[in-house]
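Colleague: Could you take a close look at one part of this model for me? I'd like to hear about one buried serine and its surroundings, and then whatever else you can add.

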Amino acid sequence: MSDIVDILDSTSNNDPINLNVDDDSDENSETPFQRLLHLHTSNSNYNDRKNAVKYILDALRLVNDVESLYQILSCTKKLADDIVTQVQIDTLEKFILIIEYLISNVENADLLIKEYLFQSIIQTIGHGNNRIRKASQSALIRLFELEQIKADEIENDIIPALCQLEKACDDFKNESILLMTRLTQYVSNDLILKYFVPTIVQQSSSIAFQTRKTCATSIGDLSTVIPPAAVDQYLVPCISNLCSDPFWGVRKSCAEVIHPLAQVCSKESRWNILSPCLIQLLQDQSRWVKTAALRILGYFISTFARTNENDEQINKDESKSNDQIDNLCSNLQENVQLTTNDKFNDFNYWREPLLTDINFDEVIRSSLSQSSTTRKQSLLELSKNYDHDDVNSILPIELLDYYTNLVEQSYSSGVETDIIHQGAHTFPAVVLTLTNKNWNLIRDIHKKFAEDLQWKVRRTLAYSLHAIAELLTVEQVEEDLCPIFESFLRDVDEVKIGILSHLAQFLKVLQISKRQTYLDKLTCLTSVDNQRNWRFRLESANQLFELTPLFSSSDIGDYISPLVFAMAVDRVAEVRHTAIKALSGCYAKFNIENAENQLEVFLDDCHRVFGSSQDWKLRQSYINLCESIYKLHEDTSDQYSLRFLGTLLSLKEDPVVNVRLSLGTFVYQNLVHNDFYNGLSDDWRSQLDECLQMLLVDRDRDVRASVGGVYEARGTPLPLDNNNEDSDSSIQNNTITLGDQS
């Protein structure tokens, strides 16, 4: 409707609007530059000026001289300042493309942008039309991204346009606050403290609830770019006031940003101000506010787990910024004063004055003392055998009480959310905060998470079980975590994969005797609900390799080695390759402990299952196994040759090209012209030389090239080799027999 009014205003002299365009013949005969110059000067026809915008980019691309470039930019500036709203919109929406073209193709583009485009952006950044504001704000952000804004322009031009909001409409106030938040990464801390922080603090008292909500949302991002002392002095009191806002949407936004604020503020502010605020939000009458507070409860508790090093760094940062903040304090006090009209609006009349100066020693802890009697009694029952002083020295005990009742509160909230999932996600951080001394206070909630009906909750806990185990004592792990570990092993694949991904890390925490009780349960690594889930088997093979240092050679020979052999004949190549690595780990363990019996059985199985297999893929796997074991450097040249070279070199006449290619690559790159070769007996050296000579005259050019031969271009296609063995019978069956067959 505003566009129609603008058009009518532009034709107030009762001249008819000429909707006719020039003839096609005239348009085809003119260049884009000429069309732009011709159309933009039309005073009576709004459509001509609107069409002129279409020719700006084409005219720029075809410009040949500086004078024409100046004319094009001058036309662009005139169109951006046009009295017709639609012409302005179309022109400003082209600004980003124009700016990018100038920077990429024109020298001194920054000067041209400042002279012809920058002022149009600044003048329209607070325009009454929404599309004009959006276009100019997008262009301004792009200028910052391209580093085309200088420091003096920020303070003299941009900040006044953003921060002078007394007469601005509510929509622009919200957009300005969000834009200030986004520009914090490009603006210095001095300017942020001098202009952005006072503006946002002042607007947090606005009569418009949407503006207050936007201020609350921006505080979280703003707190990450200003010094911690400034966060304590300005942002923490501001969010404290907004937590009591009469509109539930504002309070919900406060709940969502209270965690990032707690991460950067001082311990005193976190304990004395933010904790009572969060407790107040947890008791809120609005279920949406309460739900938002419950979602971030675990994250907030984790902020009390700060190390001494972090506190020392924060103290250093505070000392550096105190002088700077003192200089800006008077400026803030002036900016947060309410105007005469605002003093008597309905919102401020029923509201307590905004806090601007806080003495932490005198902060009233009324929120802590107002917790319900029932909740206090439940916590007393829970922790009657434990040291209250120890818990209270870490965090307010009311927060812990809410966390331990998270499951019940989630079900009673009446809102379908992932509160329990968020609680399970933050549980390791809560354990880290409370330390293992207070494990019994949160043991029950951990059990509830582990028994939750939602598999994604159990999955989250399964992925973090090893991290929790590393924070607890061995006795606590074996008593409380092992039963949950065993239940997860029998759970669905989505949960089991979480346990499997960190299996070795969890078992490493246990005592050897307890660890050995899980050996016969490792078959869960190969039993999955969906056999097509090969990534599950891949992770199993990875974990079997990690388990080899945790058990004795006899345990590996009886339990782990058979599982690895089964995965080494998997139908998926990636699983086979990973299993080969695990087999080399088993071999290294046998070697280190001089387990001759297990080693003899292992070598016999390797030769029979791989080296003599009817499936060419398994014969190729034997070469990969020999290479993996060779790179361990566990054997002398004689030991390695006696155990592997005989079967290995017999593959030089293999009918499958891929096998010969793998053999040639391994032998040529690892077994000759080095200390290993020099340490061999004459007989083995002659056999290696014979193998290389045979491969050097192989009928396949890739095999010849793998041993140093000349890679010749193929003249004619080679006939298909009928002897190639592509059968996957043994892999498809996925069955092998290990050990002595007698």
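**A close look at Ser-410**

Modeller: Keep in mind that this is a predicted model. Ser-410 has a relative accessible area of 8%, and since anything under 20% counts as buried, Ser-410 is buried. Its place is in helix H25, which covers residues 406-412. Setting aside residues up to four places away in sequence, Ser-410 touches Ile-419 and Ile-420.

Now for Leu-399, which lies in helix H24, residues 397-404. Leu-399 is at 0% relative accessibility, so it counts as buried too. Beyond its neighbours within four places in sequence, Leu-399 is in contact with Ser-275, Leu-278, Ile-279, Leu-282, Leu-297, Phe-300, Ile-301 and Phe-304. Take Ile-301 from that list: Leu-399 and Ile-301 are 98 residues apart in sequence, yet their C-alpha atoms are 7.4 Å apart in space.

For a whole helix, try H3, residues 32-40. Its buried residues are Pro-32, Phe-33, Arg-35, Leu-36, Leu-39 and His-40. Looking down the axis of H3, these buried residues fall within an arc of 160°, so they line one face of the helix.

One last stop, this time from a record: an unreviewed UniProt entry lists residues 235-269 as "repeat: HEAT". In the model, the chain over residues 235-269 is 80% helix and 0% strand, and the C-alpha atoms at its ends are 11 Å apart.

Notes
Residues numbered from 1 in each chain as written. Predicted model: local features only at pLDDT ≥ 70, side-chain atom pairs only at ≥ 80, totals over all residues. Heavy atoms only, no water. Helix = DSSP H or I, 4+ residues; strand = E, 2+ residues; numbered from the N terminus. Buried < 20%, exposed > 50% of the residue type's maximum accessible area, 1.4 Å probe, protein only. Contact = heavy atoms within 4.5 Å. UniProt positions renumbered as here; feature names shortened; annotations may be inferred. Arc of directions from axis to C-beta.
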